[in-house]
Amino acid sequence: MKAVKNIFPKVPTEIAAFIFVICIIPTIYFFELFVVVPSFYPVWSVWYTVHFTCGTFLMCNITSNFVAIVCTNTSVKGLLLQSKLQPKWHFCSVCESVSPPRSWHCDTCSTCIIRRDHHCMFTGCCIGHYNYRFFLAFAIHLFIATAYATYFNGYFMWDRINFQTPMALLKIVFPLAMVAFGIDVSETQLYLILFLITIMGMLFMVALLIFHTNLIWHGTTTYEKNHKIRDYDLGWRQNFKDVFGENWFLACFLPFAQLKLPGDGITWN
């Protein structure tokens, strides 16, 4: 796989989303393991060590897969492609070259992407043939981590918020406004913001995983689903192998394992 030279997004909204992700993930990690979990178990007790190990394992996989997503080049740049059109190949007028099946041009990335699924705002890059498994592994581990954190955060925040007052409801509905306007800048309010971010992250990951699991199950990409193209459905087992490789189990736990994908992203059955 080729590496990307410039991983920083070019669009302002994507830059903001990119910075938010790389800042909020370690913030939540330290909040959970050094604020929330110690409120339940003494530091370095048996159960604290268990949760610390699980949290660190999830953190390593989340960050490693994120790095793999943005650093993996899944474009047609540098590939030796044929110059003549064949069935299902098409000519890209922007790149001024022929493009293989399932490859489409991305205006933001300014190139054609192999087996392009979508352009991810939070990573600032396209999700295609070579980094799709990293994207899914990132989403899986992030869902587990946010669900894990939400469980503990619920008990953690229950004892810190007085739900009997109208102000408590306003703090929950408008948490950032309370801090921005100086109404409540206490530790509890800051903890509440992190708690709500964790919940929203969990719900977003649930929707994302359901959507992409359905895509893989039917052997399609987002573009193909929208255009009702079902030419590459080889059965759910082979469809998952095409994305994760033969050793799909290792792909979920070892982000940088050299797991060869069945196809090259250019020729398709």
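This is a short walk through one protein chain, its pockets, its cavity and its nonpolar cores.

Okay, so before anything else: what you have in front of you is a predicted model. Let me start with the overall picture. The protein chain has 269 residues, and 45% of them count as buried. There are 9 helices and 8 strands. If you lay the C-alpha trace along its principal axes, you get about 70 × 40 × 35 Å. And on contacts: take the ones between residues at least 6 apart in sequence, and 59% of those join residues at least 24 apart.

Let's go to the pockets. The largest pocket comes out at a volume of about 920 Å³. If you want to find its centre on screen, pick I24, I25, L142, T146 and G201, which are the closest to it out of 41 lining residues. Which elements are giving two or more residues to that lining? You've got α1, covering 12-36, then α2 at 46-71, the strand β7 at 118-120, α3 at 132-158, α5 at 175-180 and α6 at 187-217. The largest share comes from α6, with 10 residues. As for chemistry, the lining of this pocket splits into 32 nonpolar residues, 8 polar and 1 charged.

Now the second largest pocket. Its volume is about 440 Å³. Here 24 residues do the lining, and the ones nearest the centre are V4, N6, K10, C109 and C125. Helix α2 turns up again among the elements that give two or more residues, together with the strands β2 at 72-73, β6 at 111-113 and β8 at 125-127. By class, this lining has 10 nonpolar, 11 polar and 3 charged residues.

Let me stay with α6 for a moment. How far apart are its end C-alpha atoms? They sit 45 Å apart, and since 31 residues at 1.5 Å a residue should span 45 Å, the two figures agree. Just past the end of α6 you come to G219, which takes a positive phi of about 65°.

That glycine takes us to the cavity, because G219 is in its lining, and you'd find it there alongside R102, R115, L215, I216, T220, Y232, N239, D242, V243 and W268. The structure holds 1 cavity of 30 Å³ or more, with a volume of about 60 Å³. Two helices, α6 and α8, the latter being 236-244, each supply at least two lining residues. Of everything around the cavity, α8 gives the most, with 3 residues. The lining divides into 5 nonpolar, 3 polar and 3 charged.

On to the packing. The largest nonpolar core has 47 residues, and the members that touch the most others are I25, I69, Y132, F135, L136, F138 and M157. The elements supplying at least two residues each are α1, α2, β8, α3, α6 and α8. Helix α3 gives the most, at 11 residues. Let's zoom in on one member: leaving out residues up to four places away in sequence, M157 touches T188, Y191, L192 and F195. There's also a second, separate core of 6 residues, and V76, C112, I114 and L261 are among them.

Two threonines to finish. First, T123, which you'll find in the loop between β7 and β8. Is T123 buried or exposed? T123 is buried, because its relative accessible area is 2%, and the cut-off for buried is under 20%. Its contacts, again not counting residues up to four places away in sequence, are P9, F18, F66, I69 and V70. I69 in that list is also one of the residues touching the most other members of the largest nonpolar core.

The other one is T53, in helix α2. At 47% relative accessibility T53 counts as partly exposed, since that class lies between 20% and 50%. If you want a distance to try in the viewer, take T53 and F195: they are 142 residues apart along the chain, and their C-alpha atoms are separated by 21 Å. F195, you'll remember, is one of the contacts of M157.

That's the tour, so let's open it up for discussion.

Conventions:
Residues are numbered from 1 along each chain as its sequence is written. This is a predicted model: local features need pLDDT of at least 70, side-chain atom pairs count only at pLDDT 80 or more; totals for chains, interfaces and linings use all residues. Side-chain values use heavy atoms; hydrogens and water are left out. On a 1 Å grid over the protein atoms alone, a cavity is a set of points where a 1.4 Å probe fits but cannot get out, and a pocket is an open set with protein on both sides within 12 Å along at least five of seven lines; lining residues have an atom within 4 Å of a point. Grid points are joined across faces, edges and corners, and a volume is the space filled by probe spheres set on the points. Helices (H or I, at least four residues) and strands (E, at least two) are DSSP runs, numbered from the N terminus. Ala, Val, Leu, Ile, Met, Phe, Trp, Tyr, Cys and Pro count as nonpolar, Asp, Glu, Lys and Arg as charged, and the others, Gly among them, as polar. The expected span of a helix is 1.5 Å times one less than its number of residues. Buried means under 20% relative accessible area, exposed over 50%, partly exposed in between (1.4 Å probe, protein chains only). Contact means heavy atoms within 4.5 Å. A nonpolar core is a set of buried Ala, Val, Leu, Ile, Met, Phe, Trp, Tyr and Cys residues joined through side-chain atoms within 4.5 Å.
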